Amino acid sequence: MSVWECVRVALKMLGANKLRTGLTMLGIIIGVFAVISLVSLGATARRYVSDQFAAMGSNLLIIMPGKRETIGTGSMIGVTNVHKLTLEDAEAIRRRLPSVSGVAPVVYGIGLVKQGGVSRNTFVNGTGHEYPSVRDHGVVSGRFFSPDDIDRERRVAALGMKARIELFGEMNPLGKFIEVMGTPFRVIGVMESRGISLGIDLDDVVFIPVSAAQRLFNADSLYHIIVRANSDAEVPGAETSIRKLLQSRRNGVDDVTIVSQNQMLSTLNLIVDALTFILAGIAAISLIVGGIGIMNIMLASISERTREIGLRKALGARSRDILTQFLVESVVLSLLGGLIGVLVTVAAVFAARSLFPALPIVITSWALVLAVTFSAAIGIFFGVFPARRAARFSPMEALRTE
Amino acid sequence: MSPEPAPPSRETPWIIRTEKIQRVFRSHDVATIALADATIAVESGEMLAIMGPSGSGKSTLMAILGCLDRPTAGSYWFAGREVTRLSDDELSSVRNRMVGFVFQSFILLQRSSALENVELPQVYAGVPPRARREKAKKLLASVGLGHRLGHRPNELSGGELQRVAIARALVNDPKLLLADEPTGNLDRKSGSEIMDIFRMLNRERGMTEVIVTHNAEVAARCGRIIVIQDGRTQSGGEKADG
């Protein structure tokens with residue numbers, strides 16, 4: 001009996017028991033839906049994270065004091081007992097390394113910011129004059145700090161969009177004074193809006209010169225230095241030369257941690273991928289439960305159709321014909337469930353896209369292929385046992401069954 | 001008892017020859033002897049009835065004759081081959097091409113039409129769909145069901161069902177038609193019509209037929225009667241005059 005013949009018989013049998021077929025397929029449909037949607041969710045998260053990283057600027061390196069084994073965003077708080085990063089370090093990198101296009105030293109904290117009757121706890125970011133080019137973050141009005149502002153520790157400030165609105169409302173803030181942790185600063189610029197990234201409002205910030213920030217936060221060093229390399233290709237070279245330079249400034253001791261943006265991204269991707277696989281693995285369990293449902297229904301079907309099996313054998317079916325017939329039936333059942341599951345998932349993704357247009361929702365095509373292949377494999381795996389049982393029936397005894 | 005028969009050569013007219021067939025069923029530690037000693041010989045073109053009370057072993061004998069089961073001891077030559085030594089797949093092939101079965105309870109696929117039911121043995125013989133459709137149509141017409149091709153079993157009467165079953169049994173041109181109480185589930189008139197078909201097939205087409213029955217009227221319409229009792233063939237096991 002040809003496979004095509006078997007498929008015809010299988011469809012006829014499955015069609016004859018629509019409720020049962022539907023319920024059995026539901027197990028596979030749900031499993032496939034869960035696997036694909038969770039894998040796609042992971043891919044969506046991955047895309048979202050890398051979009052956010054791209055918005056941070058590009059070709060960035062972050063220098064942190066102390067040697068750390070783990071790679072990642074890490075803790076940004078200075079580690080004691082190591083050489084601290086100083087403004088002079090930042091200046092040396094800026095002046096001496098041609099592979100570097102910009103350097104932004106960073107000292108930050110949360111501080112109380114007041115204007116008129118309004119006061120607000122805001123992120124206070126002390127940085128250097130190259131910050132706008134390093135982070136791709138320009139001003140919309142006024143100007144950013146000049147090198148002179150940094151050197152002379154001028155009390156000038158640039159406001160993030162959110163801080164500007166909260167403190168000044170409709171007023172023009174340029175030239176006005178704000179009080180940052182009790183010290184007056186003159187507003188010289190307003191930064192362009194960057195929105196919310198990974199749950200943090202990037203516009204709720206006040207920028208002040210790094211030298212002024214060191215005084216405000218009583219810090220004699222930098223928390224970290226952000227360096228922008230000329231191009232993606234120069235990132236590794238820049239990292240090596242920064243390390244060498246800082247080593248020579250520290251009597252040969254290499255105790256800085258340099259993390260590139262790409263490394264951070266790949267670390268985050270690693271986490272997202274691990275979560276995706278864990279979730280997909282859990283979803284795969286539901287697919288296996290669906291497979292057990294198929295085995296169950298096939299066993300029931302075989303005991304109901306014992307006489308048919310006996311008849312087929314009497315009329316000349318070999319054991320392998322019976323085996324094929326029931327195997328094809330369970331594979332058709334699971335494959336059909338898998339395909340319906342794919343359709344349901346695709347429909348759900350389109351629905352989600354129109355509900356959340358902001359999210360970059362993607363369907364992972366390999367997950368589709370994998371889910372359908374996996375459901376067919378489940379049909380074979382869970383179909384073999386019932387089909388073998390059917391194939392082994394003795395024709396005489398099977399015919400006598402009522 | 002007959003003398004030791006020599007192993008039949010291909011030239012013998014015998015289509016069936018069994019020698020002291022035994023069939024013992026074992027479940028757990030209990031052995032049940034269904035057939036103790038069945039020795040029969042059937043010539044090609046014969047119409048034979050096997051009679052016996054229920055429990056006499058006639059169903060077991062029929063299963064063995066139809067290659068649905070193997071004897072635990074003894075020999076069975078079918079169409080010149082010692083079938084007791086064949087593999088399961090070879091037995092399937094013998095059933096498919098050389099034996100046509102007719103059962104008491106018809107046993108048709110309920111979800112398939114009369115035509116599809118008749119085609120079924122050809123499916124396992126690997127006949128292409130168009131050819132098997134043609135053959136099945138012809139056979140259904142020959143048993144008077146040319147107008148019922150697309151009907152399902154639940155739309156047919158008992159007599160019609162058995163005629164579908166006969167068409168199915170004939171579709172691969174078997175050497176032997178094996179019927180187990182073919183009139184057992186039919187009224188007198190339909191039963192008689194079915195027996196007419198068996199007679200016609202035997203007379204006009206030379207079909208060898210073995211009919212298991214306990215109905216004396218059915219047996220009387222066969223050329224020869226073998227009686228089986230307590231698993232032993234009693235009389236007429238071999239044709240009286242070769």
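Q: Which residue does B:R132 form a salt bridge with, and how far apart are the closest N and O atoms?

A: Here the general idea is a charged nitrogen sitting within 4 Å of a carboxyl oxygen. In this predicted model, B:R132 pairs with A:E5, and the closest N and O atoms are 2.5 Å apart. The rule finds 3 salt bridges across the interface of chain A and chain B.

Q: How many residue pairs are in polar contact across that interface?

A: There are 9 such pairs, both residues being at pLDDT 80 or more. On the chain A side, α1, α10, α11 and α13 each bring at least two residues to the surface touching chain B. The largest share, 6 residues, comes from α10(A). Sorted by class, that side has 10 nonpolar, 3 polar and 11 charged residues.

Q: How do I read the size of an interface?

A: People often quote the accessible area lost when the parts come together. For chain A and chain B that's about 2200 Å², with carbon and sulfur atoms giving 60%. Look at A:L311, A:L315 and A:M396: they supply 27% of what chain A buries against chain B, more than any other three residues. As for contacts, 24 residues of chain A meet 24 residues of chain B.

Q: What about the second largest pocket: which residues lie nearest its centre?

A: A pocket is read from its volume and its lining. This one holds about 620 Å³ of space. Its lining counts 32 residues, with A:E308, A:R312, B:L109, B:Q110 and B:S112 nearest the centre. α1, α9 and α10 of chain A, plus α3 and α4 of chain B, each give two or more lining residues. The lining divides into 11 nonpolar, 7 polar and 14 charged residues.

Conventions. Residues numbered from 1 in each chain as written. Chains lettered and ligands numbered in written order. Predicted model: local features only at pLDDT ≥ 70, side-chain atom pairs only at ≥ 80, totals over all residues. Heavy atoms only, no water. Contact = heavy atoms within 4.5 Å. Buried area = accessible area lost by both parts, 1.4 Å probe. Salt bridge = Lys/Arg side-chain N within 4 Å of Asp/Glu carboxyl O. Polar contact = N/O pair within 3.5 Å; in protein donor to acceptor, adjacent residues only side chain to side chain. Helix = DSSP H or I, 4+ residues; strand = E, 2+ residues; numbered from the N terminus. Nonpolar A, V, L, I, M, F, W, Y, C, P; charged D, E, K, R; others polar. 1 Å grid on protein atoms, 1.4 Å probe; cavity = no way out; pocket = protein on both sides within 12 Å on 5 of 7 lines; lining within 4 Å. Points joined across faces, edges and corners; volume = space filled by probe spheres on them.
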